[in-house]
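Trainee: Could you take a close look with me at one single part of this protein? I would like to follow one helix and see what surrounds it.

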Amino acid sequence: MKTKWATCAAPIIRLPISTLGESEAVLMEDWNLDDVIGFSFCVPAGTRTDGASIPRFLWRICGHPLMAPRVYAATLHDWLYGEFDLTAAALHESRYFNTALPTDLTRKEADECYRALLLHFGVAAWRADIEYYALRLFGSRHYKGKSK
């Protein structure tokens, strides 16, 4: 699975994410992403993430779930998986023009976005693949979007 992002050099990024204890973080400002597997997004401020739901016993292998760059990919992924409730008025705000909403993507596409962001931020392909396949195997119980 190749993306335009997969061949880019890993950028230096500082997202305004604030941790809420050891197991959760929240996005403090809207985050615009362009061309992630063909979709563009505006992840709204206030989006919460648990950083990829990695069991504590695997932290030594995978790393802490709230460390960069995983937390960036997990923030988008958790937003795509979560319940999304925008009013019609909010959908007309300029920040949502030409952007995909979580209800536009299948679970598989949301998982592919996670993998593409990991690769974009410099995570080794083998590690990104392991996390992607773990999502495919165990993520369905958390997915609240629509099926296509």
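Mentor: Happy to! Let's start on the outside: the face of helix H5 turned away from its buried side carries Trp 126, Tyr 133, Leu 137 and Phe 138, which are exposed. Keep in mind that we are looking at a predicted model.

H5 itself covers residues 125-138, so to speak, with 14 residues in total. From its first C-alpha to its last it reaches 20 Å, close to the 20 Å expected at 1.5 Å a residue. Now turn to the other face. The buried residues here are Ala 128, Glu 131, Tyr 132 and Leu 135 of H5. These residues sit on the same side of H5, because the arc they cover around the axis is only 100 degrees. As for what covers them, helix H2 (70-81) and helix H4 (107-120) are included.

Tyr 132 deserves a second look. This residue is buried, and its relative accessible area is 5%, whereas Tyr 133 is among the exposed residues on the face turned away. Even so, the two rings form a pair: the centres of Tyr 132 and Tyr 133 are 5.0 Å apart and the planes stand at 75 degrees, so the pair counts as edge-to-face.

That pair is not alone, since the structure holds four aromatic pairs. Another one involves H2, one of the helices covering H5. Phe 41 and Trp 79 meet edge-to-face, with 6.2 Å from centre to centre and 90 degrees between the planes. Phe 41 belongs to strand S4 (residues 39-43) and Trp 79 to helix H2, so this pair ties together parts that lie 38 residues apart in sequence. Both Phe 41 and Trp 79 are buried, and ring pairs link them with Phe 39 into a cluster.

Stepping back, the protein has five helices and five strands, in the order β-β-β-β-β-α-α-α-α-α from the N terminus on. Of its 148 residues, 41% count as buried. Among contacts with a separation of 6 or more, 64% are between residues 24 or more positions apart.

Finally, a word on confidence. The mean pLDDT of the protein is 75, and 72% of the residues score at least 70. Among the elements, H4 has the highest mean pLDDT (93), while helix H3 (residues 88-91) has the lowest (51). Over residues 1-12 the pLDDT stays under 50, and the model has 20 contacts beyond four places in sequence for that stretch.

Note on methods: Residues numbered from 1 in each chain as written. Predicted model: local features only at pLDDT ≥ 70, side-chain atom pairs only at ≥ 80, totals over all residues. Heavy atoms only, no water. Helix = DSSP H or I, 4+ residues; strand = E, 2+ residues; numbered from the N terminus. Buried < 20%, exposed > 50% of the residue type's maximum accessible area, 1.4 Å probe, protein only. Contact = heavy atoms within 4.5 Å. Expected span 1.5 Å × (residues − 1). Arc of directions from axis to C-beta. pLDDT = per-residue confidence, 0-100. Phe/Tyr/Trp six-rings, centres within 6.5 Å; stacked < 30°, edge-to-face > 60°.
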